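This report describes one structure, beginning with a single residue and moving on to helix packing and a ligand shell.

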Amino acid sequence: MVNFYDNEMKLEFLSKSNNEAFARITVAAFASQLDPTIEELADIKTAVSEAVTNCIIHGYEDTEGIIKINCKLSANSIIIEISDNGKGIEDISIAKEPLYTSKPNLERSGMGFTIMESFMDEVKIESVVDIGTKVTMKKTIKREENLEDILEKTKD
Ligand SMILES: Nc1ncnc2c1ncn2[C@@H]1O[C@H](COP(=O)(O)OP(=O)(O)OP(=O)(O)O)[C@@H](O)[C@H]1O
Ligand SMILES: [Mg+2]
(Lines give C-alpha, C1' and ligand atoms only; values in the text may rest on other atoms or scores of the structure.)
(Ligands and ions follow the chains in the order given, each with its own letter.)
Protein backbone atom coordinates (compact mmCIF):
# COMPACT_ATOMS: atom_id res chain seq x y z
CA MET A 1 0.00 0.00 0.00
CA VAL A 2 1.37 3.43 -0.88
CA ASN A 3 1.47 5.52 2.25
CA PHE A 4 0.92 9.26 2.42
CA TYR A 5 4.36 9.72 3.98
CA ASP A 6 6.39 7.31 1.81
CA ASN A 7 9.26 9.12 0.15
CA GLU A 8 12.82 8.48 -1.02
CA MET A 9 15.91 10.47 -2.03
CA LYS A 10 19.46 9.73 -3.16
CA LEU A 11 22.61 11.79 -2.86
CA GLU A 12 26.08 11.31 -4.37
CA PHE A 13 29.02 13.53 -3.55
CA LEU A 14 32.83 13.57 -3.43
CA SER A 15 34.58 12.53 -0.22
CA LYS A 16 35.72 16.07 0.61
CA SER A 17 35.43 17.13 4.24
CA ASN A 18 33.38 20.19 3.18
CA ASN A 19 30.64 17.81 2.09
CA GLU A 20 30.11 16.40 5.60
CA ALA A 21 28.01 19.46 6.54
CA PHE A 22 26.21 19.32 3.19
CA ALA A 23 25.23 15.69 3.78
CA ARG A 24 24.14 16.20 7.37
CA ILE A 25 22.00 19.28 6.54
CA THR A 26 20.45 17.70 3.44
CA VAL A 27 19.41 14.51 5.25
CA ALA A 28 18.02 16.62 8.11
CA ALA A 29 15.99 18.74 5.66
CA PHE A 30 14.57 15.58 4.08
CA ALA A 31 13.85 13.99 7.48
CA SER A 32 12.01 17.09 8.65
CA GLN A 33 9.01 15.95 6.57
CA LEU A 34 8.31 13.50 9.40
CA ASP A 35 8.00 16.39 11.90
CA PRO A 36 10.76 15.11 14.19
CA THR A 37 11.51 16.87 17.44
CA ILE A 38 14.64 19.05 17.55
CA GLU A 39 16.31 16.31 19.55
CA GLU A 40 15.42 13.58 17.03
CA LEU A 41 16.73 15.77 14.22
CA ALA A 42 19.96 16.42 16.12
CA ASP A 43 20.39 12.64 16.62
CA ILE A 44 19.99 12.03 12.87
CA LYS A 45 22.47 14.81 12.00
CA THR A 46 25.07 13.46 14.40
CA ALA A 47 24.73 9.89 13.12
CA VAL A 48 25.00 11.02 9.47
CA SER A 49 28.00 13.16 10.31
CA GLU A 50 29.80 10.21 11.97
CA ALA A 51 29.08 7.83 9.08
CA VAL A 52 30.11 10.31 6.37
CA THR A 53 33.27 11.28 8.26
CA ASN A 54 34.17 7.59 8.45
CA CYS A 55 33.80 7.23 4.66
CA ILE A 56 36.07 10.25 4.12
CA ILE A 57 38.76 9.48 6.71
CA HIS A 58 38.84 5.67 6.76
CA GLY A 59 37.13 4.54 3.55
CA TYR A 60 39.00 6.79 1.15
CA GLU A 61 41.89 7.92 3.40
CA ASP A 62 44.24 9.95 1.18
CA THR A 63 42.30 9.25 -1.99
CA GLU A 64 39.03 10.75 -3.19
CA GLY A 65 35.91 8.82 -4.05
CA ILE A 66 32.14 8.90 -4.16
CA ILE A 67 29.92 8.69 -1.09
CA LYS A 68 26.31 7.66 -1.63
CA ILE A 69 23.36 8.30 0.64
CA ASN A 70 19.97 6.71 0.16
CA CYS A 71 17.13 7.85 2.45
CA LYS A 72 13.69 6.34 2.76
CA LEU A 73 10.82 7.74 4.76
CA SER A 74 7.79 5.76 5.77
CA ALA A 75 4.89 6.60 8.08
CA ASN A 76 6.99 7.09 11.18
CA SER A 77 10.55 6.12 10.41
CA ILE A 78 13.60 7.03 8.38
CA ILE A 79 16.13 4.61 6.93
CA ILE A 80 19.49 6.10 5.94
CA GLU A 81 22.04 4.09 3.94
CA ILE A 82 25.54 5.61 3.67
CA SER A 83 28.11 3.84 1.51
CA ASP A 84 31.59 4.20 0.08
CA ASN A 85 33.69 2.18 -2.35
CA GLY A 86 36.77 2.52 -0.20
CA LYS A 87 39.13 0.20 1.63
CA GLY A 88 36.52 -1.67 3.69
CA ILE A 89 36.65 -3.02 7.25
CA GLU A 90 38.49 -6.27 8.06
CA ASP A 91 36.71 -7.08 11.33
CA ILE A 92 33.40 -5.32 11.89
CA SER A 93 32.94 -6.52 15.49
CA ILE A 94 36.30 -5.02 16.50
CA ALA A 95 35.54 -1.78 14.60
CA LYS A 96 32.24 -1.44 16.49
CA GLU A 97 33.85 -1.67 19.92
CA PRO A 98 33.72 1.60 21.87
CA LEU A 99 37.12 3.35 21.83
CA TYR A 100 38.51 1.17 19.02
CA THR A 101 40.14 3.27 16.34
CA SER A 102 42.61 2.32 13.63
CA LYS A 103 43.84 5.94 13.61
CA PRO A 104 44.71 6.91 17.21
CA ASN A 105 47.40 9.28 15.91
CA LEU A 106 44.76 11.39 14.13
CA GLU A 107 43.06 12.13 17.47
CA ARG A 108 40.15 9.85 16.64
CA SER A 109 38.34 8.66 19.75
CA GLY A 110 36.90 5.45 18.30
CA MET A 111 33.36 6.44 19.26
CA GLY A 112 31.70 6.91 15.86
CA PHE A 113 29.85 3.58 15.65
CA THR A 114 28.94 3.76 19.36
CA ILE A 115 27.41 7.21 18.79
CA MET A 116 25.47 5.97 15.73
CA GLU A 117 24.14 3.02 17.75
CA SER A 118 23.06 5.18 20.66
CA PHE A 119 21.35 7.87 18.57
CA MET A 120 19.59 5.61 16.06
CA ASP A 121 17.27 2.64 16.73
CA GLU A 122 19.08 0.21 14.41
CA VAL A 123 22.55 0.26 12.85
CA LYS A 124 23.77 -2.37 10.39
CA ILE A 125 27.34 -2.37 9.08
CA GLU A 126 28.27 -4.32 5.95
CA SER A 127 31.78 -4.22 4.54
CA VAL A 128 34.08 -6.02 2.14
CA VAL A 129 37.83 -5.30 2.15
CA ASP A 130 38.88 -3.30 -0.94
CA ILE A 131 35.27 -3.08 -2.10
CA GLY A 132 33.65 -0.74 0.40
CA THR A 133 31.41 -0.20 3.39
CA LYS A 134 27.69 0.38 3.83
CA VAL A 135 26.07 1.59 7.05
CA THR A 136 22.28 1.34 7.27
CA MET A 137 20.56 3.19 10.11
CA LYS A 138 16.94 3.37 11.09
CA LYS A 139 15.16 5.72 13.43
CA THR A 140 11.53 5.83 14.44
CA ILE A 141 10.13 9.32 14.73
CA LYS A 142 7.58 9.62 17.47
CA ARG A 143 5.36 11.79 15.41
CA GLU A 144 2.16 13.06 16.94
CA GLU A 145 -0.60 13.41 14.41
CA ASN A 146 -1.96 16.94 14.28
CA LEU A 147 -5.23 18.30 12.94
CA GLU A 148 -3.74 19.44 9.61
CA ASP A 149 -2.48 15.93 8.84
CA ILE A 150 -5.84 14.36 9.59
CA LEU A 151 -7.66 16.92 7.42
CA GLU A 152 -5.14 16.39 4.59
CA LYS A 153 -5.67 12.61 4.68
CA THR A 154 -9.46 12.77 4.82
CA LYS A 155 -10.04 15.38 2.11
CA ASP A 156 -11.40 14.04 -1.19
N1 LIG B 1 33.75 3.64 5.99
C2 LIG B 1 34.77 3.00 6.55
N3 LIG B 1 35.73 2.42 5.79
C4 LIG B 1 36.78 1.75 6.36
N5 LIG B 1 36.96 1.61 7.69
C6 LIG B 1 36.03 2.16 8.49
C7 LIG B 1 34.90 2.88 7.98
N8 LIG B 1 34.15 3.29 9.04
C9 LIG B 1 34.79 2.86 10.15
N10 LIG B 1 35.91 2.18 9.84
C11 LIG B 1 36.84 1.52 10.81
O12 LIG B 1 36.14 1.36 12.03
C13 LIG B 1 36.87 2.00 13.10
C14 LIG B 1 35.90 2.52 14.13
O15 LIG B 1 35.10 3.59 13.59
P16 LIG B 1 34.53 4.69 14.58
O17 LIG B 1 33.79 5.71 13.79
O18 LIG B 1 33.80 4.00 15.68
O19 LIG B 1 35.83 5.33 15.24
P20 LIG B 1 36.88 6.35 14.57
O21 LIG B 1 36.35 6.87 13.27
O22 LIG B 1 38.20 5.66 14.51
O23 LIG B 1 36.92 7.52 15.65
P24 LIG B 1 35.83 8.69 15.82
O25 LIG B 1 34.63 8.32 14.99
O26 LIG B 1 35.52 8.72 17.29
O27 LIG B 1 36.52 9.93 15.33
C28 LIG B 1 37.71 3.06 12.43
O29 LIG B 1 38.84 3.41 13.20
C30 LIG B 1 38.08 2.36 11.10
O31 LIG B 1 39.16 1.46 11.30
MG1 LIG C 1 34.46 7.64 13.11
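Which residues does Ala23 touch, not counting residues up to four places away in sequence? In this predicted model, they are Leu11, Phe13, Val48, Val52 and Ile69. Ala23 sits in helix α1. Ala23 counts as buried because 23 C-beta neighbours lie inside 10 Å, and the cut-off for that class is 20 or more. Ser118, by contrast, belongs to helix α4; with 13 C-beta neighbours inside 10 Å, Ser118 counts as partly exposed.

Two C-alpha separations involving these residues are set out below.

| Pair | Apart in sequence | C-alpha to C-alpha |
|---|---|---|
| Ala23 and Asp35 | twelve residues | 19 Å |
| Ser118 and Asp43 | 75 residues | 8.9 Å |

**Packing of α1 and α2**

Helix α1 spans residues 19-31 and packs with α2 at an angle of about 145°. The two axes are 9 Å apart, and the crossing is right-handed. From α1, the residues that take part are Glu20, Ala23, Arg24, Val27, Ala28 and Ala31. They meet Leu41, Ile44, Lys45, Val48, Ser49, Val52, Thr53 and Ile56 of α2. By class, the residues of this contact comprise nine nonpolar, two polar and three charged. Val48 and Val52, named in this contact, are also among the residues that Ala23 touches.

**The buried side of α4**

Helix α4 covers residues 112-119. Its buried residues are Gly112, Phe113, Met116 and Phe119. These lie on the same side of α4 because they cover an arc of only 140° around the axis. An α-helix has 3.6 residues a turn, so residues three or four places apart point the same way. The buried residues of α4 pack against two helices, α2 and α3 (92-96), and two strands, β4 (122-128) and β5 (132-140).

**The shell around ligand 1**

How many residues surround ligand 1? There are 22, and those that come nearest are Asn54, Ala95, Thr101, Ser102 and Gly112. Gly112 is also one of the buried residues of α4. Both α2 (38-59) and α4 supply at least two residues of the shell. The most come from α2, which gives five. By class, the shell is made up of six nonpolar, eleven polar and five charged residues.

Helix α2 thus recurs in this account: α2 packs with α1, is packed against by the buried residues of α4, and gives the most to the shell around ligand 1.

Definitions and conventions: Residues are numbered from 1 along each chain as its sequence is written. Chains are lettered from A and ligands numbered from 1 in the order in which they are written. This is a predicted model: local features need pLDDT of at least 70, side-chain atom pairs count only at pLDDT 80 or more; totals for chains, interfaces and linings use all residues. A residue is near a molecule or strand if its C-beta atom, placed from the backbone, lies within 6 Å of it. Helices (H or I, at least four residues) and strands (E, at least two) are DSSP runs, numbered from the N terminus. Ala, Val, Leu, Ile, Met, Phe, Trp, Tyr, Cys and Pro count as nonpolar, Asp, Glu, Lys and Arg as charged, and the others, Gly among them, as polar. A residue is buried if 20 or more other C-beta atoms lie within 10 Å of its own, exposed if 12 or fewer, and partly exposed in between; C-beta atoms are placed from the backbone. The arc is that of the directions from the helix axis to the C-beta atoms. Two residues are in contact if their C-beta atoms, placed from the backbone, lie within 7 Å. Axes are lines fitted to C-alpha atoms, for helices over the stretch in contact, and angles run from 0 to 180 degrees between N-to-C directions. A crossing is left-handed if the near helix is turned anticlockwise from the far one by less than a right angle, and right-handed if clockwise.
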